[in-house]
Amino acid sequence: MHTASRSRLVLDADHLRDLRIGAGLMLAAAVGPLLNHGRGVGLPCPLRALTGVPCPLCGLSTSVTATAHLDLHGALAANPMGLVAVLGAVALLATTPRARQRGLAMPAWLPWLALAAMWAFELHRFKWL
Amino acid sequence: VSPSRAGFGARLIALVIDGLVLSLASGALALALGPVRAFAVVQLGALAYFVGFEGGPTGQTPGKRVMGIKVVAADAHEPAGYGKALIRWVGRFLSALPCGLGYVWALFDQDGRTWHDMLAETEVVAATTASDDLGLNPADG
């Protein structure tokens with residue numbers, strides 16, 4: 001099972017399977033438009049559409065698609081986490097069954113820090129900070 | 001014995017199936033009523049669909065039935081009931097608001113719960129039959 005303590009977040013084999021599904025879908029959505037030379041469809045953010053305030057995930061689909069097109073400048077400008085997400089997805093899909101069985105551990109604060117950093121970046125990008 | 005947590009893939013496919021069902025209905029309604037009226041009717045229809053099915057005795061929408069998963073009350077692993085299903089429905093909007101972050105949350109949450117699961121105190125688990133509960137499923141060997 002996935003376990004969490006105050007200091008460590010451990011993703012077990014079941015969670016890594018789920019994450020691999022998410023990673024595969026994300027990469028397919030990013031690479032798919034390459035096949036017809038398109039740039040994909042930008043997904044509108046409901047929070048930003050309603051309030052004008054961006055959410056932490058704003059720019060992520062743009063960033064992931066830009067990364068797939070090797071447009072690193074565009075990816076970093078939209079949301080740097082898109083580049084990290086693509087690299088992480090590729091790494092996750094390349095892991096061996098044995099490695100997945102061992103699970104993945106990280107500091108429990110890391111996802112929260114990443115989320116806060118993403119939100120700060122987007123708020124700055126849209127001139128709220 | 002607690003039922004096993006439903007996987008993200010199964011939940012996603014179930015949502016796609018339910019979305020297709022509702023999309024077909026909304027398409028037909030849009031032709032008959034016009035887009036504005038159809039939108040209002042579809043929202044009410046989706047409310048009845050999710051609250052009715054997830055709050056019912058099986059806790060399964062047609063999509064969840066196909067994927068063999070169901071919504072239960074997190075505390076008792078019993079049918080969630082219409083009250084929790086209604087809260088869960090409202091919570092779906094909160095989950096969707098920040099680019100679907102509340103849905104993605106299930107990938108990292110200890111119990112695989114979305115924001116609307118947390119709000120309604122529900123979780124999505126594998127649906128088992130009576131024979132499964134008794135260990136009579138031949139697939140179990």
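This report describes the helices of a predicted model, their packing and several individual residues.

## Overall make-up of chain A

Chain A contains seven helices and three strands. Along the sequence these elements come in the order β-β-α-α-α-α-α-α-β-α. Chain A has 129 residues, and 30% of them count as buried.

The contacts within chain A can also be sorted by distance along the sequence. Among contacts with a separation of 6 or more, 65% join residues that are 24 or more positions apart.

## Helix 3 against helix 5 in chain A

Helix 3 of chain A covers residues 60-68, and helix 5 of chain A covers residues 81-94. Their axes come within 8 Å and cross at roughly 60°. An angle under 35 degrees would count as roughly parallel, and one from 65 to 115 as roughly perpendicular. Helix 3 and helix 5 of chain A are therefore oblique to each other. The crossing of helix 3 of chain A with helix 5 of chain A is right-handed.

On the side of helix 3 of chain A, the contact is made by A:L60, A:S63, A:V64 and A:T67. Their partners in helix 5 of chain A are A:M81, A:G82, A:L83 and A:V86. The residues of this contact between helix 3 and helix 5 of chain A comprise five nonpolar, three polar and no charged. An α-helix has 3.6 residues a turn, so residues three or four places apart point the same way.

## A:T67 and its surroundings

The buried residues of helix 3 of chain A are A:S63, A:V64, A:T65, A:A66 and A:T67. A:T67 has a relative accessible area of 8%. Because buried means under 20% relative accessible area, A:T67 is counted as buried.

What does A:T67 touch when its neighbours within four places in sequence are left aside? Its contacts are then A:A75, A:G82, A:L83 and A:V86. In addition, a polar atom of the A:T67 side chain lies 2.8 Å from the backbone oxygen of A:S63.

## A:L27 in helix 1 of chain A

A:L27 belongs to helix 1 of chain A, which spans residues 13-35. With a relative accessibility of 16%, A:L27 counts as buried. Not counting residues up to four places away in sequence, A:L27 touches A:G32, A:V86, A:A89, A:V90 and A:L93.

A:L27 and A:A68 are 41 residues apart along the chain, and their C-alpha atoms are separated by 8.1 Å. A:V86, one of the residues touched by A:L27, is also in contact with A:T67.

## Two residues with positive phi

Is A:L70 buried or exposed? A:L70 is exposed, with a relative accessible area of 72%. This residue lies in the loop between helix 3 and helix 4 (72-78) of chain A. Its phi is near 60°, a positive value in a residue other than glycine.

A:K127 also has a positive phi, near 65°, and is a residue other than glycine. A:K127 is located in the segment after helix 7 (110-125) of chain A. The relative accessible area of A:K127 is 72%, and the residue is exposed.

## Helix packing in chain B

In chain B, helix 1 (residues 8-33) and helix 2 have axes that come within 8 Å and cross at roughly 150°. That angle makes helix 1 of chain B roughly antiparallel to helix 2 of chain B. Helix 1 of chain B passes helix 2 of chain B in a right-handed crossing. Residues of helix 1 of chain B in this contact include B:D18, B:V21 and B:L22, while those of helix 2 of chain B include B:P35, B:R37 and B:A38. The residues of the contact between helix 1 and helix 2 of chain B divide into twelve nonpolar, one polar and two charged.

Helix 2 of chain B (residues 35-55) also meets helix 4 of chain B (residues 81-96), with axes that come within 8 Å and cross at roughly 135°. Helix 2 and helix 4 of chain B are therefore oblique to each other. Their crossing is right-handed. Among the residues that make the contact are B:Q43, B:A46 and B:L47 of helix 2 of chain B, and B:G81, B:Y82 and B:A85 of helix 4 of chain B. The residues of the contact of helix 2 of chain B with helix 4 of chain B comprise nine nonpolar, four polar and three charged.

How values were computed: Residues numbered from 1 in each chain as written. Chains lettered and ligands numbered in written order. Predicted model: local features only at pLDDT ≥ 70, side-chain atom pairs only at ≥ 80, totals over all residues. Heavy atoms only, no water. Axes fitted to C-alpha atoms, helices over the stretch in contact; angles between N-to-C directions. Helix = DSSP H or I, 4+ residues; strand = E, 2+ residues; numbered from the N terminus. Parallel < 35°, antiparallel > 145°, perpendicular 65-115°, else oblique. Left-handed = near helix turned anticlockwise from the far one by under 90°. Contact = heavy atoms within 4.5 Å. Nonpolar A, V, L, I, M, F, W, Y, C, P; charged D, E, K, R; others polar. Buried < 20%, exposed > 50% of the residue type's maximum accessible area, 1.4 Å probe, protein only. Polar contact = N/O pair within 3.5 Å; in protein donor to acceptor, adjacent residues only side chain to side chain.
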